[in-house]
Amino acid sequence: MAKRRPAILVLEDGRTFQGEAYGSVGETFGEAVFNTGMTGYQETLTDPSYHRQVVVQTAPHIGNTGVNGEDDESSRIWVAGYVVRDPARIGSNWRASGGLEDRLAAEGVVGIAGVDTRALTRHLRERGAMRVGISSVEEDPRALLARVRQAPEMVGADLSAEVTTAERYVVQAEGEHRFTVAALDLGIKRNVPRRLAARGVTTHVLPAASTIDDLLATGADAVFFSPGPGDPATADGPVALAREVLNRRIPLFGICFGSQILGRALGFGTYKLGYGHRGINQPVLDRSTGKVEVTSHNHGFAVQVPGAGSGAVVPDQVIDTEFGGVEVSHVCLNDNVVEGLRAKDVPAFTVQYHPEAAAGPHDADYLFDRFAELIEGRGVDRRSSAGRGLYRNHSEGGN
């Protein structure tokens, strides 16, 4: 095996790691974050929520199963850079159609291998996510550090327009059609419409800049706000759209970034977590059932409700908002971060993690059933002869 080219990784606080080039030779900048998943590196790389982030894999061996044409969660790799400890010399799996490093190089993704990822992860846990640079063309860490400190921060980053679909498209329901959902693409993963399709839902995926008229023109029975990258405090357009949906009492489900958007629409704030939640082993409590789920996460921001924050005990009382009562439905058991909201007087709920998984456990897949039940409870089950649709008297029934 040919000797790899030397590479360096420099954090914005000056901490430097030496390694070898992995993937494309060059230089890249982004926010350094770590992912604790033991599997699913292909899904991680192609998740639009990682746009402008340099992902550190805490699992030591990466690339063992190569890459294939089925597990991508979007049309391309989105990470700004990639950090691994021990890249596989040979990828081996019956589904593999190529090697991970070749894929990274083909898409121009600059990475670094041979790094002590445990030390790097511990540093990020103690100091927080921060800007970083990786270079296999620059030998002077001080010169690279100067460029790192000139790179844009994640706070204040409005990135949805950079990852959303350029044109609307439709994912058809599997089997008998039950409902139609308009999904606002803020960085959607392919597995979201697949999980909806399995429940008889046809999904119209729309660009992030879509208006309420665009959503209604699909004939949708409900609206979905997708995950995505960036700072939710910048997403004024989607927040205004969410308020339009709430005012019309259209059933609404939001995931991750979409959850933060709905939180803002309800009048709550958002804040940046120290190092975020990224991985497929995060424990979350569903307060309605008392069940603890192991879940897939990828977010660096969270919703701030009155009396709660990172590390604080989340209140269990109903919170009064412009749209009626709202309760915190899910809580992260690692740090008490709000992981879900449920409106009691309008048909809307959210979770801040990824029930669609890909990669990850499927403990939270039931939330798509809850979404279908929410729509059905509003009298829009297309299997019924009534077929009364979206604009039935939404004052009937509860959530």
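1. In this predicted model, strand 6, which spans residues 81–83, and strand 8, which spans residues 110–113, pair in the parallel sense over two bridges. Within this pairing, Tyr82 stands opposite Gly111 of strand 8.

2. Strands 6 and 8 are also neighbours in the order of a closed barrel of seven strands, which runs 1-2-8-6-4-3-9 and has mixed pairing. Neighbouring strands of this sheet are turned against each other by 35° on average, with direction ignored.

3. Helix 4, made of residues 141–148, lies across strand 1 (6–11), strand 2 (16–23), strand 3 (27–35) and strand 9 (130–135), and its course is at about 45° to strand 1. Helix 3, made of residues 117–127, has as its buried residues Thr117, Ala119, Leu120, Thr121, His123 and Leu124. Just after helix 3 comes Gly128, which takes a positive phi of about 95°.

4. Strand 15 (residues 269–286) runs antiparallel to strand 16 (residues 291–304), and twelve bridges join them. In this pairing Lys272 stands opposite Phe301 of strand 16. The two strands, 15 and 16, form a hairpin with four residues between them, and Gly290 in the turn has a positive phi of about 75°.

5. Strand 15 is also joined, by three bridges and again in the antiparallel sense, to strand 18 (residues 324–332). Here the bridge partner of Val284 is Cys332 in strand 18, and this cysteine leads to the matter of disulfides.

6. How many disulfides does a search of the whole structure find? The search finds zero. Cys256 is in no disulfide, and the nearest cysteine sulfur, that of Cys332, is 12 Å away, whereas a disulfide would require the two sulfur atoms to be within 2.5 Å. Cys332 is likewise in no disulfide, its nearest cysteine sulfur being that of Cys256 at 12 Å. Cys256 has a relative accessible area of 1% and is therefore buried, and Cys332, at 0% relative accessibility, counts as buried too.

7. The largest nonpolar core has 36 residues, and Phe225, Leu246 and Leu341 are those with the most contacts inside it. At least two residues of this core are supplied by each of strand 11 (179–184), helix 7 (212–217), strand 13 (222–225), helix 8 (236–247), helix 9 (257–265), strand 18 and strand 19. The largest share, five residues, comes from helix 8. A second, separate core of 25 residues includes Ala183, Leu196, Ile255 and Cys256. As general background, nonpolar side chains tend to be buried together in soluble globular proteins.

8. Is Leu341 buried or exposed? Leu341 lies in strand 19, residues 338–343, and it counts as buried because its relative accessibility is 3%, which is under the 20% cut-off for that class. Leaving aside neighbours within four places in sequence, Leu341 is in contact with Gly263, Leu266, Phe268, Val303, Val305, Val326, Glu327, Val328, Ser329, Phe349 and Thr350. One of these contacts, Val326, is 15 residues from Leu341 in sequence, while the C-alpha atoms of Leu341 and Val326 are 6.8 Å apart in space.

Technical notes. Residues are numbered from 1 along each chain as its sequence is written. This is a predicted model: local features need pLDDT of at least 70, side-chain atom pairs count only at pLDDT 80 or more; totals for chains, interfaces and linings use all residues. Side-chain values use heavy atoms; hydrogens and water are left out. Buried means under 20% relative accessible area, exposed over 50%, partly exposed in between (1.4 Å probe, protein chains only). Two strands pair if DSSP finds at least two bridges between them. Axes are lines fitted to C-alpha atoms, for helices over the stretch in contact, and angles run from 0 to 180 degrees between N-to-C directions. Contact means heavy atoms within 4.5 Å. A nonpolar core is a set of buried Ala, Val, Leu, Ile, Met, Phe, Trp, Tyr and Cys residues joined through side-chain atoms within 4.5 Å.
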